[in-house]
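Here are my notes for someone opening this entry for the very first time. Have the view ready, and we'll go point by point.

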Amino acid sequence: DGEVHINELKNGNTEMFWNPTSEVRRQRLKRHIVLFEEQTDFESERLWQHVTSAINKGDQHKATQEKFVLEEEQRNAARERRESGTEWKPLLFQHDAGTNEWRYKYEDLRPWDPLNDIAQFEKDGILQTMERHLSTRMSNHKATCIHNQITRHKRSAKDCRRRKTSDQPSNHSQNTESSCSTPESVQELSDDDGKYLGFESLCAQCGKEMNHLKEIHLAVLSLQKAQQDIHR
């Protein structure tokens, strides 16, 4: 969002290449980063701080030296892992054997929804999206979970009734009936029935996303309170 010039070294002339308007500057995305003192040793800003400092000072020789130090440390660490047989397990990336590339584990390629998506942020190295309400993805996922559980329940009840009406000896029929306690009215399950049968305990992903939404909600309330205090 700043001016860019082309410097002609042969004759010393300078030409304006890019000069953004005030409208362009207003549209710039806000940059949010983790505070430097809260960053871990391998986060980019802290890891490359000496290289960055040298570049900002215009000292390319120093920047090259600092870059070499970092790369040499990485080579030594890789050599030690190889000699000890220690496997390197990335936390945030996974290898795609098809393309032979490393991909971010938690990438979200869906289009931005301006009516529902508020902001995108990073927590523990994972990019997440703050939303106004329960996302359609989660609603669909929860509906699928419930549908699958109800389908399994109906299938179990149908198998049970089939065993009851089969042409088995009476003693086998009694054993079969006693082993089937599924109510035959399961085909007309209401939401309350679903909770009674334990369908409210959905899969781990649903529970995890619900916990994340709760954390985000508490964070938003905290930010709102801070804004009110600043305003006062």
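1. What percentage of the 232 residues of the protein chain count as buried? The figure is 12%, where buried means under 20% relative accessible area, exposed over 50%, and partly exposed in between (1.4 Å probe, protein chains only).

2. A word on ground rules: this is a predicted model, with local features needing pLDDT of at least 70, side-chain atom pairs counted only at pLDDT 80 or more, and totals for chains, interfaces and linings using all residues. Numbering starts from 1 along each chain as its sequence is written, and side-chain values use heavy atoms, leaving out hydrogens and water.

3. Going from the N terminus, you'll meet β-β-α-α-α-α-β-β-β-β-α-α-α-α. That makes 8 helices and 6 strands in the protein chain (DSSP runs numbered from the N terminus: helices are H or I with at least four residues, strands E with at least two).

4. Now look at V4, I6, F17, W18 and V24, which make a nonpolar surface patch of about 450 Å². In such patches, residues have over 30% relative accessible area and no salt bridge (a side-chain nitrogen of Lys or Arg within 4 Å of a carboxyl oxygen of Asp or Glu), and nonpolar side chains (Val, Leu, Ile, Met, Phe, Trp, Tyr) are joined within 5 Å, like charges within 9 Å. Areas come from the Shrake-Rupley method with a 1.4 Å probe; for residues, only the protein chains shown count as cover. β1 (4-7) and β2 (14-18) each supply at least two of the patch residues.

5. W18 sits in strand β2. Why does W18 count as partly exposed? Because its relative accessibility is 41%.
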